[in-house]
Amino acid sequence: MVEANNAKNWPTVPPPCVGYVWRYMAWGQYARDVAAVADQIAAYAAQLAAGDDGLDAWVFDVDDTCLSNLFYYQAKQFGAYDPVAFKEWASKAICPGVPGIAQLFQTLRGRGFRVFILSGRDQQTLASSTAANLAAAGFAGYDRLIMRSAEYRGMSAVVFKSAMRMQLMEEGYRIRGNVGDQWSDLQGDFVGDRVFKVPNPMYFVP
């Protein structure tokens, strides 16, 4: 219910659900569900033709869309978000890639689409480690890594990401697809022609 945004205002995964979430994430069903999303994206992209002007674009989120934080959250028993602890984790640049997403990313690039990585991570403290982690996980060749600068701190994810997508569209880009693990990645303004949600029952970002 939380994953579908029907049950709200849970600060943590309820204790009776911790084992269920871990089994879903680690025992194969999560990977199968992500693969199904990737298949849908690939099928949709195959119907599109990137224009010769190089302005047809896709937007990808980072955390638990491109890079997996499963081991961090599992160690915390899927507890409440701790910004200090998460920055320490992310700065290590050891997040594995979400299964199949790097291959999808390269497929889109090979079809002539520009790919932008849009993250709510703090630019000042995590830019270099995020770029290194993305490269290590197979996400090489994106057009721009866009992160939360100081002027956007404290803004909701919906407001921040809407503003960043607006900037891309003002530059002339056509957002043909938008991929994220949170509804807040995919809501707001300038979301693109079509959105695709990667499953994530570990946490919810408003």
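This passage describes the pockets, salt bridges, surface patch and backbone features of a predicted model.

The largest pocket is a natural place to begin. Its volume comes to about 1100 Å³, and 48 residues line it. Those that lie nearest the centre of the pocket are Tyr73, Gln182, Tyr203, Phe204 and Val205. Several elements give two or more residues to the lining: helix 1 (18-26), helix 4 (83-91), strand 2 (114-122), helix 7 (157-170) and helix 8. Among these elements, strand 2 gives the most, with four residues. Sorted by class, the lining of this pocket holds 25 nonpolar, ten polar and 13 charged residues.

Enclosed space can be considered alongside the open pocket. Rolling a probe the size of a water molecule over the atoms shows where empty space is left. In this structure there is one cavity of 30 Å³ or more, and the volume of the largest cavity is about 50 Å³. The cavity is lined by Val2, Glu3, Asp181, Gln182, Trp183, Lys197, Asn200, Pro201, Tyr203 and Phe204. In terms of class, five of these lining residues are nonpolar, two are polar and three are charged. Gln182, Tyr203 and Phe204 appear in this lining and also belong to the group nearest the centre of the largest pocket.

On the outside of the model, Val2, Trp10, Trp183 and Phe204 make a nonpolar surface patch of about 370 Å². Val2, Trp183 and Phe204 from this patch also line the largest cavity. Trp183 sits in helix 8, which covers residues 183-186. With a relative accessible area of 30%, Trp183 is classed as partly exposed, because that class covers values between the 20% limit for buried and the 50% limit for exposed.

Another aromatic residue, Phe71, is found in helix 3 (residues 70-75). Phe71 is partly exposed as well, at 48% relative accessibility. Between the C-alpha atoms of Phe71 and Trp89 there are 9.9 Å, and the two residues are 18 residues apart along the chain.

Turning to charged contacts, the model has a count of ten salt bridges. One of them pairs Arg176 with Asp56, with the closest N and O atoms 3.1 Å apart. This pair links distant parts of the chain, since Arg176 belongs to strand 4 (residues 174-180) and Asp56 to strand 1 (residues 56-60), 120 residues apart. Both partners are buried; for Arg176 the relative accessible area is 18%, and this residue counts as buried because the class takes values under 20%.

A further salt bridge joins the side chains of Arg121 and Asp63, at 2.7 Å from N to O. Arg121 is part of strand 2, whereas Asp63 is in the loop between strand 1 and helix 3, so this contact ties together parts that are 58 residues apart in sequence. Here too, both residues are buried.

Arg176 has a second partner, and its side chain meets that of Asp193 in a salt bridge of 2.7 Å, N to O. Asp193 lies in the loop between helix 8 and strand 5 (195-197) and Arg176 in strand 4, so parts that are 17 residues apart in sequence are tied together by the pair. The two ends of this bridge contrast in accessibility: Asp193 counts as exposed at 51%, while Arg176 is buried at 18%. Both contacts of Arg176 can be placed in a wider setting, as a network of salt bridges links Asp53, Asp56, Arg174, Arg176 and Asp193.

Finally, two backbone conformations may be of interest. Asp64, although not a glycine, has a positive phi of about 60°. This residue lies in the loop between strand 1 and helix 3, the loop that also holds Asp63. Asp64 is buried, with a relative accessible area of 0%. Gln77 likewise has a positive phi in a residue other than glycine, with a value near 55°. The position of Gln77 is in the loop between helix 3 and helix 4, and at 46% relative accessibility Gln77 is partly exposed.

Definitions and conventions: Residues numbered from 1 in each chain as written. Predicted model: local features only at pLDDT ≥ 70, side-chain atom pairs only at ≥ 80, totals over all residues. Heavy atoms only, no water. Patch = residues over 30% accessible without salt bridge, like charges linked within 9 Å, V, L, I, M, F, W, Y side chains within 5 Å. Areas by Shrake-Rupley, 256 points an atom, 1.4 Å probe, with all protein chains shown as cover. Salt bridge = Lys/Arg side-chain N within 4 Å of Asp/Glu carboxyl O. Buried < 20%, exposed > 50% of the residue type's maximum accessible area, 1.4 Å probe, protein only. 1 Å grid on protein atoms, 1.4 Å probe; cavity = no way out; pocket = protein on both sides within 12 Å on 5 of 7 lines; lining within 4 Å. Points joined across faces, edges and corners; volume = space filled by probe spheres on them. Nonpolar A, V, L, I, M, F, W, Y, C, P; charged D, E, K, R; others polar.
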